[in-house]
Amino acid sequence: MRLFERILGARFEALAPEVQALHRQVGIKEGEISLRASPIMQLFGFPPPCKDAPLWFGTREEENVAIWRRQIKDRELRSEVWQSGDLVVERMGVVTITSELVIAHGALSQETRGVRFMDMPLPRALWPRVTAREWGAAGTYHFKIEVRAPIIDVVLLAYEGWLRP
């Protein structure tokens with residue numbers, strides 16, 4: 001049983017088949033991504049903005065930690081994802097976000113429950129506002145993520161795309 005299956009338990013079956021397939025399998029998937037990354041996010045290693053760029057997404061699990069690798073243009077973005085009680089935790093670089101997994105109409109979204117920067121917890125007023133949604137349509141897995149800066153509410157990062165099953 002894979003990470004999201006363990007966290008969601010019986011609720012996992014309420015996900016669209018395409019979302020289930022992505023979170024049940026390890027290995028490499030290919031698709032497309034459109035990305036807007038602010039200059040500050042590019043300093044953290046995100047690629048410059050692109051539209052309909054090839055995406056390579058690889059997953060594996062090691063001792064209850066999922067390793068997610070995304071290849072966009074010439075950049076690889078790596079994150080570690082694990083379970084904390086009934087929550088999911090993702091660390092990418094110096095930022096760690098803890099989220100609750102929410103299912104509605106077969107789609108999966110994540111609601112932020114905590115943020116750490118350089119392993120220090122941030123007060124809620126300094127949390128970036130993250131919108132993350134995954135869904136299936138016509139046999140294809142789709143995703144859309146947006147990260148907005150706290151207080152000033154500008155888009156730091158936004159990306160969306162799809163992966164083949």
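# A guided tour of the salt bridges, pocket, cavities and surface

The structure holds 15 salt bridges, and since this is a predicted model, everything on this tour describes computed coordinates. Side chains of opposite charge can pair when their charged atoms come close, and several such pairs make a convenient place to begin.

**Stop one: strands β3, β4 and β5**

Select Arg70 and Glu90, which form a salt bridge whose closest N and O atoms are 3.0 Å apart. This pair links distant parts of the chain, for Arg70 is in strand β3 (residues 65–72) and Glu90 is in strand β5, 20 residues apart. If you colour the model by accessibility, Arg70 will show as buried, because its relative accessible area of 9% is under the 20% limit for that class.

Next, add Glu80 and Arg91 to the selection, a salt bridge in which the closest N and O atoms lie 2.6 Å apart. Glu80 belongs to strand β4 (residues 75–84) and Arg91 to strand β5, so this pair ties together parts that are 11 residues apart in sequence. Arg91 is partly exposed, with a relative accessible area of 34%.

While strand β3 is still in view, select Ile72, which also lies in that strand and is buried, with a relative accessible area of 2%. Then display Trp56 as well: Ile72 and Trp56 are 16 residues apart in sequence, and their C-alpha atoms are 6.9 Å apart in space.

**Stop two: further charged pairs**

Move on to Arg113 and Glu111, whose side chains meet in a salt bridge with an N to O distance of 3.0 Å. Both partners can be checked for accessibility: Arg113 is partly exposed at 38% relative accessible area, and Glu111 is partly exposed at 35%.

After that, select Arg129, Glu146, Arg148 and Asp153 together, since these residues are linked in a network of salt bridges.

**Stop three: the largest pocket**

Turn now to the largest pocket, which has a volume of about 1,100 Å³. To find its centre, select Phe46, Met92, Ile97, Val147 and Leu157, which lie nearest to that centre among the 48 residues of the lining. Strand β5 (residues 87–92) gives the most to this lining, with 5 residues. Colouring the lining of the largest pocket by class will show 37 nonpolar, 5 polar and 6 charged residues.

**Stop four: the cavities**

A search of the whole structure finds 3 cavities of 30 Å³ or more, and the largest of them has a volume of about 110 Å³. To see what surrounds this largest cavity, select Arg2, Leu3, Phe4, Leu22, His23, Gln25, Val26, Thr59, Glu61, Ala66 and Trp68, which line it. The elements that give two or more residues to this lining are α1 (3–8), α2 (17–24), β2 (50–62) and β3. By class, the lining of the largest cavity has 6 nonpolar, 3 polar and 2 charged residues.

The second largest cavity, with a volume of about 50 Å³, is lined by Glu18, Ala21, Leu22, Gln25, Lys29, Gly139, Thr140, Tyr141, Leu163, Arg164 and Pro165. Here the elements giving two or more residues to the lining are α2 and β10 (140–148), and the largest share, 3 residues, comes from α2. The lining of the second largest cavity divides into 5 nonpolar, 3 polar and 3 charged residues.

**Stop five: a nonpolar patch on the surface**

Switch to a surface display and select Ile40, Leu43, Phe44, Val94, Phe117 and Met118, which form a nonpolar patch with about 610 Å² of accessible area together. Within this group, Phe117 has its place in strand β7 (residues 107–117), and at 33% relative accessibility Phe117 counts as partly exposed.

**Stop six: two residues with positive phi**

Finish with the backbone, selecting Asp52 in strand β2, a residue that has a positive phi of about 50° although it is not a glycine. Asp52 is partly exposed, with a relative accessible area of 43%.

The last selection is His105, found in the loop between β6 (95–104) and β7, which has a positive phi of about 55° although it is not a glycine. His105 counts as exposed, because its relative accessibility of 87% is over the 50% limit for that class.

Definitions and conventions. Residues numbered from 1 in each chain as written. Predicted model: local features only at pLDDT ≥ 70, side-chain atom pairs only at ≥ 80, totals over all residues. Heavy atoms only, no water. Patch = residues over 30% accessible without salt bridge, like charges linked within 9 Å, V, L, I, M, F, W, Y side chains within 5 Å. Areas by Shrake-Rupley, 256 points an atom, 1.4 Å probe, with all protein chains shown as cover. Salt bridge = Lys/Arg side-chain N within 4 Å of Asp/Glu carboxyl O. Helix = DSSP H or I, 4+ residues; strand = E, 2+ residues; numbered from the N terminus. Buried < 20%, exposed > 50% of the residue type's maximum accessible area, 1.4 Å probe, protein only. 1 Å grid on protein atoms, 1.4 Å probe; cavity = no way out; pocket = protein on both sides within 12 Å on 5 of 7 lines; lining within 4 Å. Points joined across faces, edges and corners; volume = space filled by probe spheres on them. Nonpolar A, V, L, I, M, F, W, Y, C, P; charged D, E, K, R; others polar.
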